[in-house]
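Please open the structure in your viewer and keep the sequence panel beside it, so that residues can be picked by number as the tour moves along.

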Amino acid sequence: MFNSLKYPIIQAPMAGGVSTVDLALAVSQNGGLGFLAAGYKTPEVIEKEILECNASGLPFGVNLFVPQNDTVDEALYLYKLRLEEDFQIKLTIQEPHDDFWAEKLELVMKYKVPYVSFTFGCPSKEIIEQLKKNSSHVIVTVTNLSEAKIAENNGADAICLQGVEAGGHRATFQNVNEDSHVPLMNLINTIHKEIQIPIIAAGGIINGKDIHLALSAGTEAVQLGTAFLCTEESGANFIYKKALQSDQFSETALTRAFTGRLARGLKNDFMSKYESLAPAIYPAVHTLTQPIRAKALREKNPHAMSLWASTRFKEVKQGTVKDVFEQLIKELNLCQS
Ligand SMILES: Cc1cc2nc3c(=O)[nH]c(=O)nc-3n(C[C@H](O)[C@H](O)[C@H](O)COP(=O)(O)O)c2cc1C
């Protein structure tokens, strides 16, 4: 499934502005596979990005969030009141939203996107079959064996196996699923014996040696997110890039404080203060905290922004995608020689 790529290295889809067309195309130009992130975008915006990638003639993928709407309850109202008081800001609880699921599926079908990946759940057999018939490769992100089996049974071409080290949201099919916090190499060892379809390894892979270890353990490709965050082509904002590279932050943690769904990021004040108060209600908490994060960006305050990153963020490199890619390949070749 990845034979047409020069290197089995996939750039993780990164929603929230990080995954730009430039980033995806630079990765594909260098022999890997670039991904667009459709999550949170309007259909118009992602359509424009797909058209730009299609025009390049390079392989690329589009990632979609499988809709999920946790029920809003009293805990969300209490969280809202507390945040409004602390930040002196008006917040709103929005109506449930499916992130334009049907419209985005229609777009990836219309433009025959070569690779389509999903997170937060597994699409139905019918949807996967339609995409495959339409000549897309279908990838489902999973965090444990039972999710991997569901993806395989529903006909996915491959699974993207996400270890607990991964930056950004846990891809769990259910919002609350704390037993899926397993390190990547342990996950690969358990799952690759049980699953016949190709496995893409993701989570905390930052250098060529990590790539070598994941491929040697039986996976067909690797997916890297944090490794590309500080490249010139990445859309991560200046404060985010600076936070990743300064000594200001010493560790990452998993939190629900920003979105209501567990995600790994640099451990900042917002996470420390609100982790115990944030309810597991996604995407309502995401939209609730949006004005706080936007204000923090305007005020250049990294302590109230979500700074998603893997456990290996201290090893992140700067430069162009070409620089980062060449370094990865050099290290990988050294391990393989
Ligand atoms: C800033 C950021 C945004 C992310 N957004 C998405 C997304 O939109 N869709 C998705 O499937 N995964 C998303 N992820 C998770 C990564 O795809 C995934 O876990 C990755 O392959 C491993 O990331 P790592 O190399 O940072 O550990 C995001 C990760 C980061 C760091």
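The stops below go through charged pairs, a charged surface patch and the cysteines of this predicted model.

**Salt bridges within helices**

Begin by displaying the side chains of Lys, Arg, Asp and Glu throughout the model, where a search of the whole structure finds 15 salt bridges. Side chains of opposite charge can pair when their charged atoms come close.

Select Arg82 and Asp86 next, whose side chains form one of these salt bridges, with an N to O distance of 2.9 Å. The two residues belong to helix α3, which covers residues 74–87, and because they are four residues apart, about one helical turn separates them. Colouring by accessibility should show Asp86 as partly exposed at 31% relative accessibility, while Arg82 is likewise partly exposed, with a relative accessible area of 33%.

Move on to helix α13 (residues 321–336), where Lys322 and Glu326 are four residues apart, about one turn of the helix. These side chains form a salt bridge in which the closest N and O atoms are 2.9 Å apart. Lys322 is partly exposed with a relative accessible area of 45%, and Glu326 is partly exposed at 44% relative accessibility. Now select Lys80, Glu84 and Lys90, which are joined into one network by salt bridges that share partners.

One further pair to display is Lys295 with Glu299, whose side chains meet in a salt bridge at 3.5 Å, N to O. Here Lys295 is partly exposed, with a relative accessible area of 25%, and Glu299 is partly exposed at 48% relative accessibility.

**A negative patch on the surface**

Switch to a surface view and select Glu44, Asp98, Glu103 and Glu106, which form a negative surface patch. Glu44 can be found in helix α2 (residues 43–56), and this residue counts as exposed, with 58% relative accessibility.

**The cysteines**

Finally, return to sticks and select the cysteines: how many disulfides does a search of the whole structure find? The search finds zero. A disulfide is a covalent bond between the sulfur atoms of two cysteines. For Cys53, the closest cysteine sulfur is that of Cys160, and because the two sulfurs are 19 Å apart, they are too far from each other for a bond; the cut-off applied to a pair of cysteine sulfur atoms is within 2.5 Å. Cys53 is also buried, with a relative accessible area of 0%. Cys230, the last residue to select, counts as buried at 6% relative accessibility.

Definitions and conventions. Residues are numbered from 1 along each chain as its sequence is written. This is a predicted model: local features need pLDDT of at least 70, side-chain atom pairs count only at pLDDT 80 or more; totals for chains, interfaces and linings use all residues. Side-chain values use heavy atoms; hydrogens and water are left out. Patches are made of residues with over 30% relative accessible area and no salt bridge: like charges are joined within 9 Å, nonpolar side chains (Val, Leu, Ile, Met, Phe, Trp, Tyr) within 5 Å. Accessible areas come from the Shrake-Rupley method with a 1.4 Å probe; for residues, only the protein chains shown count as cover. A salt bridge is a side-chain nitrogen of Lys or Arg within 4 Å of a carboxyl oxygen of Asp or Glu. Lys and Arg count as positive and Asp and Glu as negative; His and the chain ends are not counted. The place of a charge is taken as NZ of Lys, CZ of Arg, CG of Asp or CD of Glu. Buried means under 20% relative accessible area, exposed over 50%, partly exposed in between (1.4 Å probe, protein chains only).
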